[in-house]
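User: I am new to this structure and would like a close look at a single part of it, set in the context of the whole. Please take it slowly and explain each step.

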Amino acid sequence: SIARSWRSRTAKGKSIIFLFVVIVGYVAGIIHKVFYNWDKVILLYIINLTMVSIDAAIYYRNKSLDKLKDTGSL
């Protein structure tokens, strides 16, 4: 998903709300693992949280590129 978002250079068809829901879910999972059930799975949560966060950052990059395309500056 990250590579596809980077190559497409557009935010169309991507839901930032969904990405934030996923981010909140991973943060909640990490908090649960830290305070109630520490195990190695927390590493997977952190890796996935990082990847979804990168995808969200690329969304904002692509959104600004979309604005430039709409104004004809790009």
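Analyst: Helices here are DSSP runs of H or I with at least four residues, numbered from the N terminus. With that in mind, the part to examine is Asp 55, which lies in helix H3; the model is a predicted one, and every value below is computed from it.

The setting comes first. The chain contains 3 helices and 0 strands, and reading along the sequence gives the pattern α-α-α. Its C-alpha atoms fill a box of roughly 55 × 20 × 15 Å along the principal axes, and its radius of gyration is 16 Å, whereas a compact globule of 74 residues would have one near 11 Å. Of the 74 residues, 24% count as buried. Among contacts with a separation of 6 or more, 69% are accounted for by residues 24 or more positions apart.

Is Asp 55 buried or exposed? Its relative accessibility is 5%, and because buried means under 20%, Asp 55 counts as buried. Leaving aside its neighbours within four places in sequence, Asp 55 is in contact with Ser 1, Ile 2, Ser 5, Lys 14 and Leu 19. Among these partners, Ser 5 is also touched by Asn 62, and Leu 19 is a member of the largest nonpolar core, so that two lines of description can be followed outward from Asp 55.

The route through Leu 19 leads to the core. Beyond four places in sequence, Leu 19 touches Lys 14, Val 52, Asp 55 and Ala 56. The largest nonpolar core has 10 residues, including Leu 19 together with Val 52 and Ala 56. Helix H2 (16-35) and H3 each supply at least two residues of this core, and the largest share, 5 residues, comes from H3. As general background, nonpolar side chains in soluble globular proteins tend to be buried together.

The route through Ser 5 leads to another residue of helix H3 (residues 41-71), namely Asn 62. At 1% relative accessibility, Asn 62 counts as buried. Residues up to four places away in sequence set aside, Asn 62 touches Ser 5, Ser 8, Arg 9, Thr 10 and Ala 11, and the last of these, Ala 11, belongs to the largest nonpolar core.

Arg 9, one of the residues touched by Asn 62, deserves a word of its own. Arg 9 lies in the loop between helix H1 (2-8) and H2, and at 36% relative accessibility Arg 9 counts as partly exposed. Its phi is positive, at about 55°, although Arg 9 is not a glycine. Most residues other than glycine have a negative phi.

For contrast with the buried Asp 55, consider Phe 35, which lies in helix H2. At 62% relative accessibility, Phe 35 counts as exposed. From C-alpha to C-alpha, Phe 35 and Thr 50 are 20 Å apart in space, with their positions 15 residues apart in sequence.

Two values for the whole chain complete the view. The chain exposes about 5400 Å², of which carbon and sulfur atoms supply 68%. The mean positions of its 11 positive and 4 negative charges are 3 Å apart. To return to the part examined, Asp 55 is a buried residue of helix H3, in contact with residues that include Ser 1, Lys 14 and Leu 19.

Key. Residues are numbered from 1 along each chain as its sequence is written. This is a predicted model: local features need pLDDT of at least 70, side-chain atom pairs count only at pLDDT 80 or more; totals for chains, interfaces and linings use all residues. Side-chain values use heavy atoms; hydrogens and water are left out. The radius of gyration is taken over C-alpha atoms; the globule rule is 2.2 Å times the number of residues to the power 0.38. Buried means under 20% relative accessible area, exposed over 50%, partly exposed in between (1.4 Å probe, protein chains only). Contact means heavy atoms within 4.5 Å. Accessible areas come from the Shrake-Rupley method with a 1.4 Å probe; for residues, only the protein chains shown count as cover. Lys and Arg count as positive and Asp and Glu as negative; His and the chain ends are not counted. The place of a charge is taken as NZ of Lys, CZ of Arg, CG of Asp or CD of Glu. A nonpolar core is a set of buried Ala, Val, Leu, Ile, Met, Phe, Trp, Tyr and Cys residues joined through side-chain atoms within 4.5 Å.
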